[in-house]
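Welcome, and please open your viewer so we can walk through this protein together. At each stop you will get something to select and a short note on what is there.

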Amino acid sequence: MAPFSPFFSITDDQQQIRGQFYLDLYARPNKREGAWVDDYQSRRRLADQTVQIPIAFLTCNFSAPCDKTQTALLNHEEVLTLFHEFGHGLQHMLTQIEYEGVSGINGVAWDAVELPSQFLEYFAWEKSIIDLISCHEKTRVSLPEDLVLKDVRR
């Protein structure tokens, strides 16, 4: 059985929901390979003049922990993938366009669709961001800067 896939809401400073997403991180039998974002519903103005909240699926194929008592450990390539896909997700969820055909990730030209995702990848190289999201599994000590920068120097 696959690990639980959580559902999250993104709220603004007035605690209004701006977007929501399902996070499906782990590989499982018969799941398509790779990582991707897809929309469940787009932001749009409905006939009653309410605004439909955008919902996205963020899907990856990371290795799940061996059992539910363990923590899933992501390598840096997987962190880059997660940041990349989350960039697509943010583009979809934070749109303010209310016309479904061009809202979020819909109707974006192929030469521009990768811009937010590739931009977000840069944060996976920032020591301050790495410190916020990671530490040694057992000691809880932050990763040393030389380890964070190891791949940059190649």
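Let's begin with a pocket. The second largest pocket has a volume of about 220 Å³. Keep in mind as you look around that this is a predicted model.

To see the walls of this pocket, select W36, V37, D38, E85, H88, I105, V108, W110, V113 and E114, which line the second largest pocket. Which element gives the largest share of this lining? Colour the strand β3 (36-41) and you have found the answer: β3 supplies 3 residues, the largest share. Now colour the helix α1 (76-93) as well. Both β3 and α1 supply at least two residues each to the lining of this pocket.

**Next stop: a surface patch**

Select I97, Y99 and V102 and switch on the surface. Together I97, Y99 and V102 make a nonpolar surface patch of about 330 Å². Zoom in on I97, which sits in the loop between α1 (76-93) and α2 (115-121). Is I97 buried or partly exposed? I97 counts as partly exposed because its relative accessible area is 39%, and the partly exposed class runs between the 20% and 50% cut-offs.

**Next stop: a salt bridge between distant parts**

Stay in the loop between α1 and α2 and select E98, then add R43. The side chains of E98 and R43 meet in a salt bridge, with N and O 3.1 Å apart. This pair links distant parts of the chain: E98 lies in the loop between α1 and α2, R43 lies in the loop between β3 and β4 (44-45), and the two are 55 residues apart. Compare how much of each partner is accessible: E98 is partly exposed, with a relative accessible area of 22%, whereas R43 is buried, at 13%.

**Next stop: a network**

How many salt bridges does the structure hold? The count comes to 7. For another one, select D24 and R28, whose side chains form a salt bridge with an N to O distance of 2.9 Å. D24 is buried, with 13% relative accessibility, while R28 is partly exposed, with 35%. Now add K31 to your selection, since D24, R28 and K31 are linked in a network of salt bridges.

Then move along the chain to E137 and K138. These two form a salt bridge as well, and their closest N and O atoms are 3.9 Å apart. K138 counts as exposed because its relative accessible area is 66%, which is over the 50% cut-off. Its partner E137 is partly exposed, at 35%.

**Next stop: two cysteines**

Select C60 and C135. C60 is buried, with a relative accessibility of 1%, and C135 is partly exposed, with 29%. A disulfide is a covalent bond between the sulfur atoms of two cysteines. How many disulfides does the structure hold? The number is 0.

**Last stop: a loop**

Finish by selecting A64, in the loop between β6 (55-62) and α1. A64 is partly exposed, with 32% relative accessibility. Add L74 and draw a distance line between the two C-alpha atoms: A64 and L74 are 10 residues apart in sequence and 9.5 Å apart in space.

Conventions: Residues numbered from 1 in each chain as written. Predicted model: local features only at pLDDT ≥ 70, side-chain atom pairs only at ≥ 80, totals over all residues. Heavy atoms only, no water. Patch = residues over 30% accessible without salt bridge, like charges linked within 9 Å, V, L, I, M, F, W, Y side chains within 5 Å. Areas by Shrake-Rupley, 256 points an atom, 1.4 Å probe, with all protein chains shown as cover. Salt bridge = Lys/Arg side-chain N within 4 Å of Asp/Glu carboxyl O. Helix = DSSP H or I, 4+ residues; strand = E, 2+ residues; numbered from the N terminus. Buried < 20%, exposed > 50% of the residue type's maximum accessible area, 1.4 Å probe, protein only. Disulfide = S-S within 2.5 Å. 1 Å grid on protein atoms, 1.4 Å probe; cavity = no way out; pocket = protein on both sides within 12 Å on 5 of 7 lines; lining within 4 Å. Points joined across faces, edges and corners; volume = space filled by probe spheres on them.
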